[in-house]
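Student: Could we take a close look at one single part of this model together? I'd like one connected account of its surroundings.

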Amino acid sequence: MTVILFIAGVLIVAIGVAVSIALHEVGHLVPAKLFGVRVPQYMIGFGKTIFSRRRGETEYGVKAIPLGGYISMIGMFPPAEATAVEGKVKAASTGMFTQLANETRQAAAEQLRPGDENRMFYKLPVYKRVIIMLGGPFMNLVIAFVLFAVLISGFGSIQHTTNISEVYQCVVSQADQKARGGDDAAANCQPGDPAAPAYEAGLRPGDRITSFDGHQVKEWQWDDLSELIRADAGKTVPITYLRDGSEHQTTITPRLSQQPALDINGRVKTDANGKTELVNVGFVGMGSENVQMTLPLTEVPPAVGQNVRAVAGIVVDLPARLVAVGQAAFSSAPRDPNGPMSVVGVGRIAGEVSAMDEIPIKDRIATLFGLVASLNVALFVFNLIPLLPLDGGHVVGALWEGLRRFAARIFKRRDPGPVDIAKLMPLTYVVGVLLLGMGALLIYADIVKPVNIFG
């Protein structure tokens, strides 16, 4: 039974990924057709075609390697700058890079047929090309919103609430904590220890904070409350709380305290020597109660935004993270649970979650929804990287063309014409090879040194 559940989890996520990729391409396909561009192919996967069917002027199909998808559009590359000599067109240069660009244009030109003169992608206005190229990532963002809405407002999740679970009576330094036996030493106050601000203000376990320094905080907004506290070190501010259904107000003065610095993903930062980085922040000495709860739909955009920021942080730091993955894969170093993973790693986690009998079925399904939602956020962010062959590269090319033509009009110069992205094919191939290498490294690491998110 465990094996069946494991396989079921993997299949559910695999189907979710396939549907996400298919809808990503639909995000490109629909505006392309609306703007009149001829689309010869809509394909899921790469390599040999295993199934296809033609509808109208477009062939829809599935290919053997399910690692992405694409649509082909007529006129992705403008014609080369050329000079007619003796009735023939000769390229202005015959260098290796120019030859590669010309071969790319020739392959694209072979798709042209009579009537395509005004149906080519590069002839569209800049804004239409941007809409087409952003359509795919936007579709992934929409999928993420829908899945997070189901997850947050349907299934619910564990939230750090503004309900107080514990209040320290005193403030104990990190050195004293170690001397007294660890983190729980804060409950064992000794003469001379300063009173904790929360205890001094009269807060007790069971109270629920409703406002801090004039800012209203809802029950599930513990993180927002924490940020307010951290920012108000040494400042006496009003605080409102509920106790036994009655509202009370007092004042509190967060103490200046050194706490571990956190990165964009909420992880503790360390320096080059592996030592925890500390920052001076406000501290009041109280803990949050964790509660399983559903949230209103208004909380979906912040949740998606937080995931986008987290993935963007990973992408910005991707080279260093890949080095860490490589070190873990070929040594005894552990994998970073918040680092990048391949679809193999995600599928393994999905299988493990599905096979955990000790977890309620509702929570297992919610976890699978969360995995697919996070994958769509990753597809959204990753495809916006401004490099060809990713969607972001095409967007940058179109915007650069618009900027050049706008400048030419302002300064009354000759129209510079379309940007020839075919000239960037060498760079495109380099990026493609790097992406393949990154995928191979992640898959290898996910096989030999998988991420352990369960401790």
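Student: Where is the place of I65?

Tutor: Happy to zoom in! This is a predicted model, so local features need pLDDT of at least 70 and side-chain atom pairs count only at pLDDT 80 or more, while totals for chains, interfaces and linings use all residues. Numbering runs from 1 along each chain as its sequence is written, and side-chain values use heavy atoms, leaving out hydrogens and water.

I65 sits in strand β2 (strands are DSSP runs of E, at least two residues; helices are H or I, at least four, numbered from the N terminus). Its relative accessible area is 42%, so I65 is partly exposed (between buried, under 20%, and exposed, over 50%, with a 1.4 Å probe and protein chains only).

I65 also belongs to a nonpolar surface patch, together with F46, L67, F330, V343, V344, I443, Y444, I447 and V448. Patch members have over 30% relative accessible area and no salt bridge (Lys or Arg side-chain nitrogen within 4 Å of an Asp or Glu carboxyl oxygen), and nonpolar side chains are joined within 5 Å. Together these residues offer about 910 Å² of accessible area (Shrake-Rupley, 1.4 Å probe).

Which elements give two or more residues to the patch? They are β2 (58-72), α9 (343-354) and α12 (425-448). Of these, α12 gives the most, with 4 residues.

For wider context, an unreviewed UniProt entry lists residues 191-230 as "domain: PDZ", an annotation that may be inferred rather than shown by experiment. In the model, that span is 32% helix and 18% strand, with its end C-alpha atoms 26 Å apart.

Key:
Patches are made of residues with over 30% relative accessible area and no salt bridge: like charges are joined within 9 Å, nonpolar side chains (Val, Leu, Ile, Met, Phe, Trp, Tyr) within 5 Å.
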